[in-house]
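Please open the structure in your viewer and keep the sequence beside it. The tour below suggests what to select at each stop and then describes what is there.

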Amino acid sequence: RYYVYFPQDQGSVLYASQCYSVSSPGWNPAYDETAITGAVEWPCETDSDCSLNGVCSAGVCECRTAWTGDRCETLNVMPTTHKSGYRGTDDGHNTSSWGGAVLQGADGKYHMWASEMTEHWYVLC
């Protein structure tokens with residue numbers, strides 16, 4: 001869904017005069033300031049083009065209610081406030097979490113399960 005073009009004699013010699021296309025949803029522009037990047041749009045052909053979160057109908061993705069975007073690639077969440085959502089604490093101190101699998105429960109609401117680091121440990125990346 002986007003492309004990156006590296007002009008000749010500029011930026012990375014390895015990629016000079018080459019153009020790359022990425023067909024998965026999302027945007028990941030190049031870090032090379034001389035690169036030219038842009039989005040590419042085309043009609044969907046199969047449900048796979050709709051991220052399997054909708055159906056392709058006459059070249060347009062019709063997303064399931066829980067999804068939105070040209071390719072049904074974005075979770076369709078309701079507006080929230082800054083302090084809502086998961087915020088794990090232990091003895092009044094913030095904790096680090098990992099993951100966040102979301103499933104729809106029998107009550108129709110979506111619930112998230114996350115792993116939490118105890119004893120105030122954190123992840124170094």
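**First stop: Arg71**

Select Arg71 in this predicted model, and you will find a residue that is buried yet has no salt bridge, the nearest side chain of opposite charge being that of Asp49, 4.4 Å away. A salt bridge is counted only when a side-chain nitrogen of Lys or Arg lies within 4 Å of a carboxyl oxygen of Asp or Glu, so a separation of 4.4 Å does not qualify. To place Arg71 along the chain, show the loop between β6 (67–68) and β7 (74–75), where this residue sits. Which backbone atom lies 2.3 Å from a polar atom of the side chain of Arg71? Add Trp42 to the selection, and the backbone oxygen of Trp42 turns out to be that atom.

**Second stop: Ser51 and Leu52**

Now move to the loop between β3 (36–39) and β4 (54–57), and select Ser51 there. The phi of Ser51 is near 60°, a positive value in a residue other than glycine. In general, most residues other than glycine have a negative phi. Ser51 has a relative accessibility of 25%, and therefore counts as partly exposed.

Extend the selection to Leu52, which is also found in the loop between β3 and β4. For Leu52, too, phi is positive and near 60°. Is Leu52 buried or exposed? Leu52 counts as exposed, because its relative accessibility is 54%.

**Third stop: the hairpin of β4 and β5**

Follow the chain into β4 and select it together with strand β5 (residues 60–63), and you will see the two strands paired in the antiparallel sense over 4 bridges. Within this pairing, Ser57 stands opposite Val60 in β5. The two strands, β4 and β5, form a hairpin with 2 residues between them, and in the turn Ala58 has a positive phi of about 55°.

**Last stop: the whole chain**

Finally, clear the selection and show the chain as a cartoon, in which there are 11 strands and 0 helices. Counted over the 125 residues of the chain, buried residues make up 14%; Arg71 is one of the buried residues. If you display contacts between residues at least 6 apart in sequence, 30% of them join residues at least 24 apart. With a surface switched on, the chain exposes about 9,800 Å², of which carbon and sulfur atoms supply 54%.

Methods
Residues are numbered from 1 along each chain as its sequence is written. This is a predicted model: local features need pLDDT of at least 70, side-chain atom pairs count only at pLDDT 80 or more; totals for chains, interfaces and linings use all residues. Side-chain values use heavy atoms; hydrogens and water are left out. Buried means under 20% relative accessible area, exposed over 50%, partly exposed in between (1.4 Å probe, protein chains only). Lys and Arg count as positive and Asp and Glu as negative; His and the chain ends are not counted. A polar contact is a pair of N or O atoms within 3.5 Å; within protein, one must be able to donate a hydrogen and the other to accept it, and residues adjacent in sequence count only if both atoms are side-chain atoms. Two strands pair if DSSP finds at least two bridges between them. Contact means heavy atoms within 4.5 Å. Accessible areas come from the Shrake-Rupley method with a 1.4 Å probe; for residues, only the protein chains shown count as cover.
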